[in-house]
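Here is a short report on one protein chain. Look at the sequence and the 3D view, then read on.

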Amino acid sequence: MTSRVLVQGLLALALATGCSSADTTEESGSEGPSTSVSPTPVESDPGSPTPEVPEVEPATGERLTVATVERDVFGFNLPEGEWRLTSSGRIGVLETPAGSWNITGGAVDGADGVSLDFLARGERQDFIGLGPKPQRRDDRVVDGIEGYVLEAGGRDGLYYQFGSVLGDNWVTVTFEFTEDSPETRGVIESVLASAAWQ
C-alpha cells in the first residue's frame, strides 16, 4: 500500500513556499504523460449516423465515501460481489483465487493551488510495491474533474491510481489487482463511472 508520508510532506512544503501550478515544471521523459498517435481519420458518409461509443455501466455495489477530517469529499461504488470493507470503510477488498484485489479511497486537505504534476510526481516517487514504479499516463476526467493517472501493469498485477484536486482537497482512488486483464480494467472503469464529488 502506498505510503502518503512523503507526499504529504512535499505538499506541506509546497504550500509553505507558495507552490502553484505555474511554479511546477513539466515532467520529462518516461515520467511525463504518455502521448498516443491518433489513427488516420476515416471519411464516413455524412448522411450516416456517427456510431456511439458504448457507455460504461457504473458499479452498483457498496458505496465508499472518501472524507477529510472536515467533510465527505468523494464517493464511489464497488462492483457487486463479496467485497469487505477495511480501514474504516476506505478500502474494499475482494479475495480471489490468485490473491486480494484492493480498491482504496483517500483524501488530504490543504491542496489548493497544488498542480496535478506535483502530486503525481510525488506519489510516483513514494511508491512502494513489488513491481516497477507506475508511469504517468494521460490525464482523464472523472465526474467532470480532470485528474492524473498512474499505472503499472504486468506479470506482478495491475496498479492504477486516479488523483485530482477539488478546492482544497487532494483525492485519490487506487486499484491494486493480482492481474492486468480485461476484467480488472473493466472494474476500474465501472468504479470510476460511479464516482461523484460531494
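In this predicted model, β5 and β9 form an antiparallel pair held over eight bridges. Within the pairing, G105 sits opposite V173 of β9.

Both strands belong to an open sheet of seven strands. Its order is β3-β4-β5-β9-β8-β7-β6, with antiparallel pairing. Why do β3 and β6 each have one side without a neighbour in the sheet? β3 (84–86) and β6 (135–142) stand at the edges with a single partner strand each, so one side stays without a neighbour. From one strand to the next, the twist averages 20°.

Two helices pack on this sheet. The table lists what each one touches.

| Helix | Strands touched | Angle between directions |
|---|---|---|
| α2 (residues 116–125) | β6, β7, β8 and β9 | about 25° with β7 |
| α3 | β5, β6, β7, β8 and β9 | about 155° with β9 |

Now the interior. The largest nonpolar core has 27 residues. F74, F76, I103 and F175 have the most contacts inside it. At least two residues of this core come from each of β1 (63–67), β2 (72–77), β5 (99–109), β8 (157–166), β9 (169–177) and α3 (182–193). Another core of 13 residues lies apart from it, including A111, V114, F118 and W170.

Finally, the whole chain. Three helices and ten strands make up its secondary structure. Of its 198 residues, 44% are buried. Its accessible surface is about 10,900 Å², and carbon and sulfur atoms account for 52% of that. Among contacts between residues at least 6 apart in sequence, 59% join residues at least 24 apart.

Notes: Residues numbered from 1 in each chain as written. Predicted model: local features only at pLDDT ≥ 70, side-chain atom pairs only at ≥ 80, totals over all residues. Heavy atoms only, no water. Helix = DSSP H or I, 4+ residues; strand = E, 2+ residues; numbered from the N terminus. Buried < 20%, exposed > 50% of the residue type's maximum accessible area, 1.4 Å probe, protein only. Contact = heavy atoms within 4.5 Å. Areas by Shrake-Rupley, 256 points an atom, 1.4 Å probe, with all protein chains shown as cover. Core = buried A, V, L, I, M, F, W, Y, C linked by side-chain atoms within 4.5 Å. Pairing = 2+ DSSP bridges. Axes fitted to C-alpha atoms, helices over the stretch in contact; angles between N-to-C directions.
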